[in-house]
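Open the model in a viewer with selection by chain and residue number. The stops below say what to select next and what is there.

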Amino acid sequence: MGEKPFHTGEEMVHTGEELFRLEGVSKSFPGVKALDNVSLSVNKGEVHGLVGENGAGKSTLMKIMTGVYHADAGQIYIEGKPVRVDSTRKAQELGIAIIFQELNLCPHLTVADNIFIGRPRMSGPMINDRAMHAQARRILDELGIGINTHTVARQLSVAQRQMVEIAKAISMNSRILALDEPTATLTEKEIAQLFAIIGTLRAKGVGMVYISHRLEELGHICERVSVLRDGQYIGTRFLKDITTQELVGMIVGRPMTSKFPKHERKIGPIALEARGVRRRDKLNASRYKVDVDRVYVRSGEILGVAGLVGAGRTEIMRCVFGADSAESIELELDGKPVKIRSPGQAIAHKIGYATEDRRRDGLSLTLDVQYNINMAYLPRLARFGFIDDRAGARNAEQYRQRLRVKTPSLRQITRYLSGGNQQKVVLAKWLCNNVRALIIDEPTRGIDVGAKYEVYELLNQLSDAGVAIIMISSELPEILGMSDRVVVIHEGKVNGELDAKRATQEEILYLAAGYNLLEGKAAPTLSDRSAAAV
Amino acid sequence: MNASINAGQPRTGSFSNLSVATKKAMLSGSVLALLYAVFAISNRQFLGRGNQINMLQQIVTYSIIGYGLTFCLICGGTDLSAGSSMALAGIMVVWMLRVGVPIWVAIPLALSMGILTGILNGFTIEILGVVPFIATLGTQWVYRGLANVLINGNPIYTRDIPSQAAQDAFYVLGGGRTSFWLPYSVIITFVYGGLLALVLSKSKVGRQIYACGSNPEAARLSGINTVGTRMFAYCVSGFSAALCGILVSSRLSSAQPTAGTGYELEAIAAAVLGGVSVNGGEGSILNAMIGALIMGVLRNGLNLFRVNSFWQQAIVGFILVGACAIEARRHRQSA
């Protein structure tokens, strides 16, 4: 993968003259220089990639673009004319909009209400609903988005909400759009839809800044990419002139030979096995959300669990961990049947579960690092119901060092750590329990390249120690690079098992889409890679 | 990478290493000291022994109910039934003494009654799934109603207790003083507070209460029994209310079905003034104690200046809203 240049050779929409330019932008916060002399230019109809590790300054740059922050120095030009973006309102007037990672729709309002929020269509003192819906419909149609304008926002999928956000920006006549990790939570199919919408926007001459951690996808839609590191502007390159390795090198500031640490694993007997796991769909009781006959992981093995978002990967593992109740489930740990009805019981059996969304259900963000590390360890710190604080501090310090968590102190509130360090705190919480089996859901979502590598190394160390690891991931290179064996989930069922060493991304996608390799249908050829692999 | 840790966040120093609750305790502690100093300088009577002891006695109720509410608030709930539980326990204890139950049975029974109200609150919230605000608003009426039913809506007096020895023994709890004039109830307030502070900060269930309030789902997935933990918090609140009810009826030598009306709100106000977060996950018994002292000093000082009680109400309300506004601002900044 690494040797292949990014540019896929598909026809590029012709990009016009310069639309937007930032020049020499600097911004300091107390004690930190967040941006130092950064420049960036976007042409009409261009999608300009912006990459960098977490904390490199991408978000700060976006916030300066959209008037949330004021730059200490530097100038913004639109179509060559200098402008001042001193408020979000001014940014809106100038046609600059941003689609944030956390979407900002009002869940109880309709799509049309959300698109025109704050500036409803009126006739006299009354809101003209019919005109508003008609206008919303026109905007959605223009973008090729088939969502009913009367749908209430909370019923939309993440991808649909994002589309509504984009429609909202377009309804404000935005010409410059910043997309902050738009594909982070989308399925492959939804990504294709998003890219189609982006294509429509390009044809309309909208210039876009596209932030992403997924370097692969930049090749599909960007012509140029700019790199930031530690607030410094590293450079802008045409993707067709640069390899993945060179790009990663620019991002991390050191040559990176491989994204995944090489590793030989010693695989033992079956450690954790689940049979007959069934759970009904909450929204539709007539179907099963989880319907797995058998899934197992051996000691010292990493089992990759692939599948589309919403296929039921997380739900299966929540049943195994006792976080959700299953209609039926049989569990065996090291060959002995066990009953697990709650997370507490799973933990007592030395099973750990690092959740998909750290901020939502993995960490207590308002509490400090030590507290979070010891959260699942409390029973063993307690003597007659009281906590031995010194032992707690020792335990937390030991795992802070082992995992190289970057924090000013164990008393630091976890909210203030970067994504990678938060993930390490989550891992520390489970490691200190000497887990026998670890379920880890999206281990590297939203964390930067350097921290990713560290997490991978840590998983390898764990498997060396004989821990059985179940890794759910939506990043196919990660599944292939880290797992020994891959199961692919489709609509709550295991739709195939692959040897990670020989599997290809296409095979996984094929199984994830519900096809079955055993029926003799060949995998559809998505690129030259599958041909080479078969 | 360092930038990612520190960007826009408080710089690291010895001060920022303190927990938020401690920082807030320091802040509200200095407000308390300031108030105290202002009243001490501007009014001769304020520092008099009689007035000081009176003031301490007044804060007994806010503090003890406030401790219980602090447990509830930290674990992300609330308990609006505390004032009613207090009345119920106060009536129960006097009623039992009147029918001749010995004091060493009557008091534990009344305290158990408090725990029972906590269990019922916990059951309504955790098992029936009613939101804490509504659940305890409902049980507030239930307990108040039961208190009325028990004595037909009329106050009962300890002078009707048949045994004079029991009358005297009961009075000592809330009305008695040590040889150096310090009321036993004040000593009980501080000792009980210290005990609860120990439970909250050093015990396993104390840690779990913080975890439940900060992020319930993360707590559950970390193997914490969140239902049991919150049940415990409601029981502490019920127990505290009962203790308070016993002390008050002892001091007043009577029990009234209307006792403690609105005390839960004053206690919440005191706890929040002291720095307990209404959003859960933050606070300490020290916060509740300081908050109660601020309320007490303020009320007492305003009394000495003959500010009428309606104005007092308005002033306390203003201060509470102001304190919450400061808290909200802090939340916005850190979000």
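## Stop 1: the mixed sheet of chain A

Select A:L438 and, opposite it in β22(A), A:I469. The two residues belong to neighbouring strands: β21 (residues 437–441) of chain A and β22(A) run parallel and are joined by five bridges. Strands here are DSSP runs of E of at least two residues, helices are runs of H or I of at least four, and both are numbered from the N terminus. Two strands count as paired if DSSP finds at least two bridges between them.

This is a predicted model, in which local features need pLDDT of at least 70, side-chain atom pairs count only at pLDDT 80 or more, and totals for chains, interfaces and linings use all residues. Residues are numbered from 1 along each chain as its sequence is written, while chains are lettered from A and ligands numbered from 1 in the order in which they are written.

Now widen the selection to the whole sheet. It is open, has six strands in the order β18-β21-β22-β15-β23-β24 (chain A), and its pairing is mixed. At the edges stand β18 (351–354) and β24 of chain A; each has a single partner strand, so one side of each is left without a neighbour in the sheet. On average, neighbouring strands of this sheet are turned by 20° against each other, direction ignored. Such angles run from 0 to 180 degrees between N-to-C directions, and the axes are lines fitted to C-alpha atoms, for helices over the stretch in contact.

Add α9(A), which packs on this sheet and touches β15 (302–307), β18, β21, β22 and β23 of chain A. The direction of α9(A) makes about 150° with that of β21(A). A contact means that the C-beta atoms of two residues, placed from the backbone, lie within 7 Å.

## Stop 2: the hairpin

Select β23 (residues 485–490) and β24 (residues 493–499) of chain A, antiparallel strands joined by five bridges. Which residue of β24(A) is the bridge partner of A:V487? The partner is A:E497. Two residues lie between the strands of this hairpin, and A:E491 takes a positive phi near 45°.

## Stop 3: the antiparallel sheet of chain A

Next, select the open sheet of four strands in the order β14-β13-β16-β17 (chain A), where the pairing is antiparallel. Its edge strands are β14 (288–298) and β17 (336–338) of chain A, each pairing on one side only. Neighbouring strands are turned by 20° against each other on average, direction ignored.

Helix α9 (residues 313–321) of chain A packs on this sheet too, touching β13, β14 and β16 (328–333) of chain A. With the direction of β13(A), that of α9 makes about 110°. Strand β13 (residues 270–280) of chain A and β14(A) are antiparallel and joined by nine bridges. Within β14(A), look for A:V290, which stands opposite A:R279.

## Stop 4: two positive phi values

Most residues other than glycine have a negative phi, and most peptide bonds are trans. Select A:E181, where phi is positive, near 45°. A:E181 lies in the loop between β9 (176–180) and α6 (188–203) of chain A. Is A:E181 buried or partly exposed? It counts as partly exposed, because it has 18 C-beta neighbours inside 10 Å. The cut-offs are 20 or more other C-beta atoms within 10 Å for buried and 12 or fewer for exposed, with partly exposed in between.

Go to B:N152, whose phi is also positive, near 60°. B:N152 lies in the loop between α6 (132–151) and β1 (156–157) of chain B. B:N152 is exposed, with 8 other C-beta atoms within 10 Å.

## Stop 5: chain B as a whole

Show chain B alone: it has 14 helices and two strands. Its radius of gyration, taken over C-alpha atoms, is 21 Å. The globule rule (2.2 Å times the number of residues to the power 0.38) gives 20 Å for 335 residues, so chain B is as compact as a globular protein of that length. The C-alpha trace spans about 75 × 55 × 35 Å along its principal axes. Of the 335 residues of chain B, 50% count as buried.

## Stop 6: confidence in chain A

Colour chain A by pLDDT, the predictor's confidence in each residue, from 0 to 100. The chain averages 84, and 91% of the residues score at least 70. The mean is highest in strand β22 (residues 468–472) of chain A, at 96, and lowest in helix α19 (residues 528–533) of chain A, at 35.
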